[in-house]
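User: Please take a close look at a single part of this protein, the open sheet and what packs against it. I would be grateful for one connected account suited to a first-year student.

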Amino acid sequence: MTEKALRLGTRRSKLAMAQSGQVADAVSQVTGRPVELVEITTYGDTSREHLAQIGGTGVFVAALRDALLRGEVDFAVHSLKDLPTTPHDDLVVAAIPEREDPRDVVVARDARKLTDLPRGARIGTGAPRRMAQLNAYARTHGMEIETVPIRGNVDTRIGYVRSGELDAVVLAAAGLNRVGRIDEVTDFLSVDTVLPAPGQGALAIECAADDASLIAALAELDDPFTRAAVTAERSLLAALEAGCSAPVGALADLLADGQTVKEMRLRGVVGTTDGSTLVQLSTTGPVPETHAAAMALGRDMATEMLAQGAAGLMGERAH
């Protein structure tokens, strides 16, 4: 007799369904059990307010977590950057699979790159983090741009460019990859120009903390290097006491010598949304071997950034 299907809780958006479908296939392979998707609407999906106003943190995950805690689903898939940095007592992130491309990308009219945009170009993004770094880049490169706060799914955002309402929008490469629209990108932004959100491009597979057999099965999908990197990034975010709507960018990447991973570099940035002030830091060291070491890496960098004035920049929220 076939084993009962595992129920995977997912948001209803096209992107969430795509990434959950990919995880469902992988979980099916490691467990030998069928996986069915259970669609759940979250507050972040139905609210029309800007993320910075509804608090950002957790608005896309609370309903999924409630369904997990009530036993309506067996596990859930989140975009890691949507997950609050404070651990949940009754839930555990059983797996963080290998990360997709963490970069931000531009979709612009006339196949333009960021540097080719016309003077006064209107660039849409919902993230204060992107606004801060795009405006800072424009200031230092003699460009005139206007960053415009937008919300909505991939179709809606790219639609603003197609209709001519905006000259360009900035999105995450990983999301466009997962919905099969990466060919619409007109420019991949170097992480030296715009550092991504902490955890961007990574997924978190979460289940009940007391479900030992499911935790063990899901753990097979975990990528230890991705986990170390995003743990450091999220530790930096947590130590800056910032939610996911705050203007914080962070990326930990692995520096390899041939096939051998030698070191991890962690970079962080905090800025005012107008780009007039940025605090940026980078540190390189051995790849953290433990969760505690990865946490310490992020926390130490946050301490240094706060000492350099980051605290004064954190209080600002996009209006």
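Analyst: An angle between two elements is taken here between their N-to-C directions and runs from 0 to 180 degrees, with each axis being a line fitted to C-alpha atoms. The model is predicted.

The whole protein gives the setting: it has 10 helices and 13 strands. Of its 319 residues, 52% are buried.

The part in question is an open sheet of three strands, in the order 11-12-13, with antiparallel pairing. Strand 11 (248-257) and strand 13 (278-286) stand at the edges, and each has a single partner strand, so one side of each has no neighbour in the sheet. From one strand to the next, the twist averages 15°.

In general, the strands of a sheet pair through backbone hydrogen bonds, in either a parallel or an antiparallel manner. Here, strand 12 (residues 260-271) runs antiparallel to strand 13, and nine bridges join the two. Within this pairing, Leu 266 stands opposite Thr 283 in strand 13.

Two helices may now be added to the picture. Helix 9 (residues 291-307) packs on the sheet and touches strand 12 and strand 13. The direction of helix 9 makes about 35° with that of strand 12. Helix 8 (residues 224-239), for its part, lies across strand 11 and strand 12. Relative to strand 11, helix 8 runs at about 150°.

Strand 12 thus appears in both descriptions: helix 8 lies across it, and helix 9 touches it.

How values were computed. Residues numbered from 1 in each chain as written. Predicted model: local features only at pLDDT ≥ 70, side-chain atom pairs only at ≥ 80, totals over all residues. Heavy atoms only, no water. Helix = DSSP H or I, 4+ residues; strand = E, 2+ residues; numbered from the N terminus. Buried < 20%, exposed > 50% of the residue type's maximum accessible area, 1.4 Å probe, protein only. Pairing = 2+ DSSP bridges. Contact = heavy atoms within 4.5 Å.
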